[in-house]
Amino acid sequence: MKRTLRIGWVLLAATALFAANPSSIKLLNVSYDPTRELYQDINAAFAKQWKAKTGVDVQVSQSHGGSGKQARAVIDGLQADIVTLALSYDIDSIAERARVLPANWQARLPNNSTPYTSTIVFLVRKGNPKHIKDWDDLVKPGISVITPNPKSSGGARWAYLAAWGYALKKNNSDDAKAQDFVTRLYKNVPVLDSGARGSTTTFAQRGIGDVLLSWENEAYLALNELGKDKVEVVVPAISILAEPPVAVVDKYANKHGNAEIAKAYLEFLYTEEGQEIGAKNFYRPRLEKVAAKYADRFPKLQLFTIDELFGGWQKAQKKHFDDGGLFDKIYTPGK
Amino acid sequence: MFSRKRSFELFLVVATQAFHMRAQVPDPQTQDQKIQELEKKVEELDQRVRVSDRTRELEAEAAADKSRSGATVGAEPTGITIRSNDQNFLLKIGLDIQVDNRTFPGESSVPLTDQILIRRARPALSGTVYKYIDFYLRPDFGQGSTVLYEAYVQLNYFSRANLRVGKFKPPVGLERLQSDDDTSFVERGFPTLLVPSRDIGYQISGDVVKRRVSYTVGVFNGVPDNGLSDASVSDHRDYAARIFLTPFLPNTNHPLSGLGFGIGASSGNNDNIPLPSYKTFGQNTFFSFASGVTSMGHRTRLAPQAYYYNGPFGLFAEYTVSEEGLQKGTVRRDIAFRAWQVQASYLLTGDKKGFTTLSPRKNFDPKNHGWGAVELAVRTGDFSVERGFFNYGFGTVATSPRSAREWVGGVNWYLNRAVRISLDYGYTKFGGGAPAALGGNRPIERALLQRFQINF
């Protein structure tokens with residue numbers, strides 16, 4: 001009997017040891033629409049680095065969609081270890097409504113947990129037949145503008161605020177004139193996709209519209225994929241500094257035993273290697289050394305921040321994008 | 001919505017105009033201007049068609065998305081359901097209400113009370129979570145008490161080995177395993193008195209050999225005959241198993257496809273488990289134990305069982321022996337209780353009879369010539385205890401007969417799958433019990449039981 005018990009304890013200990021030292025780890029990164037290619041590259045580089053450091057294989061699963069839609073999925077129970085969304089409001093919503101990460105999540109990593117930045121530019125058809133150079137050209141009659149739905153897409157919210165901010169700056173912060181400008185712009189929008197990648201499909205694959213309001217990285221990706229004989233990137237004189245944030249979802253990362261690796265994964269984004277991968281995928285690096293190296297990739301333009309013109313995401317969201325907000329007044333489907 | 005057909009028509013009009021204009025041969029400058037205008041119109045039309053197509057595409061994507069994440073509420077013959085569109089989650093709300101009217105015609109020295117009562121009032125919550133895990137919760141509020149009848153979780157991932165944990169029917173008696181809305185009579189027969197009603201434990205079950213063989217094995221707390229409890233009273237466990245064969249089932253056209261037979265059994269020590277009392281068809285206690293008697297030692301139940309269903313005809317038989325250790329003072333003996341029954345039923349309306357719920361071909365709806373299904377059923381059965389029960393003082397003939405024989409005839413009217421009205425007449429004769437001073441054996445019990453039942 002004693003011998004049987006001893007064997008039992010040995011087996012139990014071996015099982016515990018095996019469970020405590022898994023040979024493979026799985027992470028789920030829930031991200032927004034146009035980051036597919038970025039995180040494919042990041043995942044491969046991080047897995048290689050983690051394997052070399054710990055000897056453990058790591059598989060990172062990716063989930064992509066409109067940023068707001070992805071945030072709702074996590075709030076509804078999608079057990080993401082990491083969220084890398086288009087704007088901090090969406091992660092704030094997760095923290096507030098699902099309570100799966102602390103409210104001060106943004107203070108846990110440098111640069112308010114935004115390892116890279118981007119902006120909103122225009123993608124037009126080859127030769128720019130409608131002569132679109134800046135924001136004013138988007139509100140002219142006969143111009144068809146493609147942009148996703150700000151209710152579901154983070155990129156669309158950045159684009160909307162970029163247009164609004166441009167109008168504010170042009171009209172001495174006159175909110176009414178800004179609203180009129182954005183209203184005229186959305187009158188030129190024939191269809192709203194739910195996410196940035198969907199809008200790129202609408203513009204590039206379905207051949208709809210004269211101009212796509214696009215993430216900078218998405219625009220250059222489309223340019224590379226479609227070819228310079230099909231589309232051109234037009235950089236407006238002024239646009240918004242988009243700061244997509246990242247965070248560990250503590251509750252689920254802890255539950256999966258992934259807290260340490262999830263944190264390491266996000267910290268990797270700030271390393272020189274991570275920043276280089278970001279720059280190669282047309283995300284503006286935070287690290288000055290990398291930014292200098294890839295300076296020719298990123299045209300210089302005047303960038304304003306959301307805090308500067310809109311008082312932060314909470315205020316912007318409430319005023320413009322919540323139900324009954326200005327966007328609901330500005331845009332009427334089918335008109 | 002701007003359709004392709006409409007745009008094609010417009011395109012034809014524009015093209016025809018272009019042809020006429022070319023035919024008129026205006027000056028080249030005007031001609032180029034006209035062509036440019038037409039090209040612009042064609043481009044606009046093309047954009048409108050593309051936008052229309054894309055809008056439809058997005059609407060379809062949104063609908064598919066919603067369909068994946070949403071849920072559907074339904075009302076089905078088996079209950080009210082809320083089902084996730086990905087089929088992974090289900091909540092079903094059911095109800096079982098039985099209102100009985102018991103009448104005991106004739107004279108009897110034993111006071112039998114005519115009454116109308118709520119025999120069962122059982123709301124049921126059941127369903128599925130994460131596709132493979134079922135749950136079932138069913139209390140009973142009937143007869144003025146609240147009893148938890150079923151509460152279990154079942155893992156269905158492996159089709160040949162389902163794991164069930166909680167409180168449910170142990171796999172012993174055939175009629176006990178049949179749902180009370182499927183039995184042919186208002187009350188079950190004698191063999192059910194000798195098998196557990198509900199018990200708490202673990203069970204693995206499955207169908208193998210192309211559904212020809214079903215098996216169940218489980219370990220339970222152990223409960224008295226026909227009893228149920230929410231906690232164990234001893235360290236001992238009951239082990240139960242059942243194997244049931246339906247050798248011709250896969251071929252539903254075979255005349256023996258409705259044949260099933262098998263055996264259920266349980267075994268375990270039953271020290272200090274409360275002792276049962278046994279009731280007649282009219283639900284009057286006819287057999288009880290003397291005071292000071294306790295259960296002590298081993299208990300074994302064996303229950304060979306069979307049924308045969310062919311079209312409207314049904315035959316059902318089972319035999320049960322329950323041998324259990326009893327102790328009074330220093331005397332301890334194993335005493336055997338035996339019971340059997342045979343049932344036959346026939347659906348006059350030609351509907352198909354089976355072990356599970358009957359669904360009439362035509363539900364009750366006289367305006368549309370629907371009357372439901374009508375069934376005639378008869379059964380006979382017997383209960384007996386070995387003489388040692390009395391010889392060792394575990395009971396007395398003053399309160400418990402040595403045997404009982406019953407004959408029951410009934411008619412069932414199934415208005416639809418959920419509603420049934422039943423009328424049964426039961427005749428129970430007792431032997432070897434009750435003192436001579438009362439005129440020999442315990443008086444014959446004549447019981448007229450009527451039930452209105454809704455169950456979904």
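The buried residues of helix α12 (residues 272-280) of chain A pack against α2 (36-54), β4 (116-117), α11 (259-268), β11 (284-285) and α13 (288-293) of chain A. Those buried residues are A:Gly274, A:Gln275, A:Ile277, A:Gly278 and A:Ala279. Here a residue is buried if 20 or more other C-beta atoms lie within 10 Å of its own, exposed if 12 or fewer, and partly exposed in between, with C-beta atoms placed from the backbone. Helices (H or I, at least four residues) and strands (E, at least two) are DSSP runs, numbered from the N terminus. Just after α12(A), A:Phe282 takes a positive phi of about 70°.

A word on what you are looking at: this is a predicted model, in which local features need pLDDT of at least 70 and side-chain atom pairs count only at pLDDT 80 or more, while totals for chains, interfaces and linings use all residues. Residues are numbered from 1 along each chain as its sequence is written, and chains are lettered from A and ligands numbered from 1 in the order in which they are written.

**The two chains**

Chain A has 16 helices and 12 strands, and 46% of its 335 residues count as buried. Chain B has four helices and 20 strands, and buried residues make up 30% of its 456 residues. Contacts can also be sorted by sequence separation; two residues are in contact if their C-beta atoms, placed from the backbone, lie within 7 Å. In chain A, among contacts between residues at least 6 apart in sequence, 72% join residues at least 24 apart. In chain B, residues 24 or more positions apart account for 63% of the contacts with a separation of 6 or more.

Where the chains meet, six residues of chain B are in contact with eight residues of chain A. The chain B side of this meeting divides into two nonpolar, two polar and two charged residues. In this grouping, Ala, Val, Leu, Ile, Met, Phe, Trp, Tyr, Cys and Pro count as nonpolar, Asp, Glu, Lys and Arg as charged, and the others, Gly among them, as polar.

**A helix pair in chain A**

Next, follow helix α8 (residues 196-205) and helix α9 (residues 216-226) of chain A, whose axes come within 11 Å and cross at roughly 40°. Axes are lines fitted to C-alpha atoms, for helices over the stretch in contact, and angles run from 0 to 180 degrees between N-to-C directions. The two helices are therefore oblique to each other; angles under 35 degrees count as roughly parallel, over 145 as roughly antiparallel, 65 to 115 as roughly perpendicular and the rest as oblique. On the α8(A) side, A:Ala196, A:Thr200 and A:Ala204 meet A:Glu218, A:Ala222 and A:Leu226 in α9(A). The residues of this contact divide into four nonpolar, one polar and one charged. An α-helix has 3.6 residues a turn, so residues three or four places apart point the same way.

**Strands in both chains**

Chain A holds an open sheet of four strands in the order β6-β7-β5-β8, with mixed pairing. Its edge strands are β6 and β8 (231-234), each of which pairs on one side only. Two strands pair if DSSP finds at least two bridges between them. Four bridges join β5(A) to β8(A), which run antiparallel, and A:Phe122 stands opposite A:Val234 in β8(A).

In chain B, strand β1 (residues 71-76) and strand β2 (residues 79-84) pair in the antiparallel sense over six bridges. They form a hairpin with two residues between them, and B:Thr72 has B:Arg83 in β2(B) as its bridge partner. Of the six residues of β1(B), the number buried is zero, so β1(B) lies largely in the open.

**Three individual residues**

The table places three residues in their surroundings.

| Residue | Location | C-beta neighbours inside 10 Å | Class |
|---|---|---|---|
| A:Asn111 | helix α5 (residues 110-113) of chain A | 13 | partly exposed |
| A:Gly142 | loop between β5 (120-125) and β6 (145-146) of chain A | 9 | exposed |
| B:Gln143 | loop between β5 (133-140) and β6 (147-155) of chain B | 13 | partly exposed |

Phi of A:Asn111 is near 55°, a positive value in a residue other than glycine. B:Gln143 has a positive phi of about 55° although it is not a glycine. As for A:Gly142, its C-alpha atom is separated by 7.4 Å from that of A:Asn188, 46 residues apart along the chain.
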